[in-house]
Amino acid sequence: MNDNTIEEGKTLATIAYLTIIGAVIALIMNSDKKNPFTAFHVRQGLGLCLTYMILGYFIGSFDNLMISSAFWIGFGILFIFGLIGAISGKTNEVPLLGPFYQKIFSNLGK
C-alpha cells in the first residue's frame, strides 16, 4: 500500500472501530472505492464488534463484576489498539483474534 491509499482510507478505517454501526457504514462506503487499507480495518472492526456482542451475551450471564470488568477492559484495549493503528496508518492485526478476522472476513472489501 502506498501513502496515498492509506491517507484516503484513514477516515473510514477509524469509523470502522466505532460500534457495529460504524463498521457497517465503513463497509458500505468502501464498497465503491475498494480501498485495501479501509478494508483491512473494516474486517478488524467488524470482527471485534461481533465477538464483543457474542461473548458479552454469555459473560453477562455470570452476573459478576470482576468477570465483566475484565471483559470490558480486555476488549477496550483491543478496540484502542485497532483505532490507534487506523489513525497512525498501520495495518497491525489486533492481538489474538486479528488473523482469524482477516481469514474469516477475507471476502469483504475485495
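**Helix packing and individual residues in a predicted model**

Ile 54 is found in helix H3. The structure described here is a predicted model, and this residue offers a convenient point of entry. Ile 54 has a relative accessibility of 53% and therefore counts as exposed, since the cut-off for that class is over 50%. In sequence, Ile 54 stands 51 residues from Asp 3, and the C-alpha atoms of the two residues are 36 Å apart in space.

Another residue of the same helix presents a contrasting case. Leu 46 also belongs to helix H3. With a relative accessibility of 11%, Leu 46 counts as buried, because burial is defined as under 20%. Once neighbours within four places in sequence are set aside, Leu 46 is in contact with Ile 20, Ala 23, Phe 105 and Leu 108. Between Leu 46 and Ile 21, which are 25 residues apart in sequence, the C-alpha distance is 9.2 Å.

From these single residues the description may pass to the packing of whole helices. Helix H3 comprises residues 36-60, and helix H4 comprises residues 65-88. H3 and H4 pack at an angle of about 175°, and their axes are 11 Å apart. An angle over 145 degrees counts as roughly antiparallel, and H3 and H4 therefore stand in that relation to each other. On the side of H3, the contact is made by Phe 37, His 41, Leu 48, Cys 49, Thr 51, Tyr 52, Leu 55, Gly 56 and Ile 59. On the side of H4, the contributing residues are Ile 67, Ser 68, Phe 71, Trp 72, Phe 75, Leu 78, Phe 79, Gly 82, Gly 85 and Ala 86. By character, the residues of this contact divide into 13 nonpolar and six polar, with no charged residue.

Two residues of H4 show how this helix is placed with respect to H3. With neighbours within four places in sequence left aside, Phe 75 is in contact with Leu 48, Thr 51, Tyr 52 and Leu 55. Gly 76 lies in helix H4. Its relative accessible area is 27%, so Gly 76 is partly exposed, a class that lies between the limits of 20% and 50%. The C-alpha atoms of Gly 76 and Tyr 52 are separated by 9.8 Å, although the two residues are 24 residues apart along the chain.

Phe 75 appears again in the nonpolar core. The largest nonpolar core has 18 residues, and those with the most contacts inside it are Leu 48, Phe 75 and Phe 79. H1, H3 and H4 are the elements that give two or more residues to this core. In soluble globular proteins, nonpolar side chains tend to be buried together.

Helix H1, which spans residues 3-15, also packs against H4. The axes of H1 and H4 come within 8 Å and cross at roughly 165°. That angle makes H1 roughly antiparallel to H4. The crossing of the two helices H1 and H4 is left-handed. In this contact, Lys 10, Ala 13 and Thr 14 of H1 meet Leu 83, Ala 86, Ile 87 and Ser 88 of H4. These residues divide into four nonpolar, two polar and one charged.

Ile 87 gives a closer view of the meeting of H1 and H4. Ile 87 has its place in helix H4. Apart from neighbours within four places in sequence, Ile 87 is in contact with Lys 10 and Thr 14. Ile 87 and Thr 11 are 76 residues apart in sequence, and their C-alpha atoms are 8.0 Å apart in space.

The loops on either side of H4 deserve separate attention for their backbone angles. Most residues other than glycine have a negative phi. Asp 63 has a phi near 55°, a positive value in a residue other than glycine. Asp 63 is located in the loop between H3 and H4. With a relative accessible area of 73%, Asp 63 is exposed. Leu 96 likewise has a positive phi, near 70°, and is not glycine. Leu 96 is located in the loop between H4 and helix H5, the latter formed by residues 98-104. At 80% relative accessibility, Leu 96 counts as exposed.

Key: Residues numbered from 1 in each chain as written. Heavy atoms only, no water. Axes fitted to C-alpha atoms, helices over the stretch in contact; angles between N-to-C directions. Helix = DSSP H or I, 4+ residues; strand = E, 2+ residues; numbered from the N terminus. Parallel < 35°, antiparallel > 145°, perpendicular 65-115°, else oblique. Left-handed = near helix turned anticlockwise from the far one by under 90°. Contact = heavy atoms within 4.5 Å. Nonpolar A, V, L, I, M, F, W, Y, C, P; charged D, E, K, R; others polar. Core = buried A, V, L, I, M, F, W, Y, C linked by side-chain atoms within 4.5 Å. Buried < 20%, exposed > 50% of the residue type's maximum accessible area, 1.4 Å probe, protein only.
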